[in-house]
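These are my notes from going through one model. I wrote down each thing I looked up, in the order I looked.

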Amino acid sequence: MSIHRKSCNCNCSKKESYNSRFSSKMRSVKKMPSKLTMIQSFARSLASRGLTNKKTDIPTKQLRVLSCFGDSSIGGSLGPCEHLTTSEVDGEKFYCGKCGCGDKKSTWLQAESDEYSKLDYPSLACPLRMPGFSNYDGSDCKENIRKNIIENYAPIKITELTVKIAEKD
Ligand code: SF4
């Protein structure tokens, strides 16, 4: 998987679930968010975690993983997001180089085993408004090729992405 270092099927019910997830999130907010707004969004994400360490659901996390990391882990050809950045603290970890939250454990997109990671937050914004994120917007999918590919991705393939969500913290 080629990563930028710096710069920041199945059964029908599953298909319906993904399709409705895409369509229900087709809300149009066209302006790119400012860095301050993204940090405010991350603060909201922290709040959404709550006192009981609430986490998002597995299908949503799989979509987020596809948006950030692509599908090379399941033999696909969709590369990672251009803003996916390798951590300088731990070369095995990655953070979003676009949102302005920095390179630290709390902002790494995925964590060890069942530890809480950024992609686990129930509410989470993406600077590119990619599928799986709370601010998802598909109105620019003609210009954003990765977004277009993910929007037309076979739901059954997305279920092949391995993600972990701890049942207890
Ligand atoms: S959160 Fe959005 S912009 Fe950041 S790496 Fe993931 S897909 Fe890219």
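How many helices and strands does the protein chain have? I find 5 helices and 2 strands in this predicted model. Reading from the N terminus, I get the order α-α-α-β-β-α-α. Of the 169 residues in the protein chain, 33% are buried.

**Confidence.** I checked pLDDT before going further. The mean for the protein chain is 80, and 75% of the residues reach 70 or more. By element, strand β1 (residues 84-86) has the highest mean, 97, and helix α1 (residues 12-24) the lowest, 45. Over residues 5-30 the pLDDT is below 50, although this stretch has 33 contacts in the model beyond near neighbours in sequence. Where pLDDT is low, predicted coordinates should not be read in detail.

**Helix α3.** I looked at this helix next. Helix α3 has 12 residues and spans 16 Å from its first C-alpha to its last, close to the 16 Å expected at 1.5 Å a residue. Is α3 mostly covered or mostly open? I count it as mostly covered, since 10 of its 12 residues are buried. Among the buried ones are Lys61, Arg64, Ser67 and Cys68. What do the buried residues of α3 pack against? They pack against β1, α4 and α5 (155-158). Gly70 follows the helix and has a positive phi, near 75 degrees.

**Thr60.** This residue is in helix α3 (residues 58-69). I put Thr60 down as buried because 21 other C-beta atoms lie within 10 Å, and the cut-off is 20 or more. I also noted a pair here: the C-alpha atoms of Thr60 and Gly132 are separated by 5.1 Å, with their positions 72 residues apart along the chain.

**Arg129.** I found Arg129 in the loop between β2 (94-96) and α4 (145-151). Its phi is positive, about 55 degrees, and Arg129 is not a glycine. I flagged this because most residues other than glycine have a negative phi. Is Arg129 buried or exposed? Arg129 counts as buried because it has 24 C-beta neighbours inside 10 Å.

**Ligand.** Last, I listed the residues around the ligand. They include Cys68, Cys81, Cys96, Cys99 and Cys126, together with His83, Lys98 and Met130. Ser67 is also in this list, and both Ser67 and Cys68 are among the buried residues of α3. Pro127 and Leu128 are around the ligand too. What is the make-up of the shell by class? I get 9 nonpolar, 2 polar and 1 charged residues.

Methods: Residues are numbered from 1 along each chain as its sequence is written. This is a predicted model: local features need pLDDT of at least 70, side-chain atom pairs count only at pLDDT 80 or more; totals for chains, interfaces and linings use all residues. A residue is near a molecule or strand if its C-beta atom, placed from the backbone, lies within 6 Å of it. Ala, Val, Leu, Ile, Met, Phe, Trp, Tyr, Cys and Pro count as nonpolar, Asp, Glu, Lys and Arg as charged, and the others, Gly among them, as polar. Helices (H or I, at least four residues) and strands (E, at least two) are DSSP runs, numbered from the N terminus. pLDDT is the predictor's confidence in each residue, from 0 to 100. Two residues are in contact if their C-beta atoms, placed from the backbone, lie within 7 Å. The expected span of a helix is 1.5 Å times one less than its number of residues.
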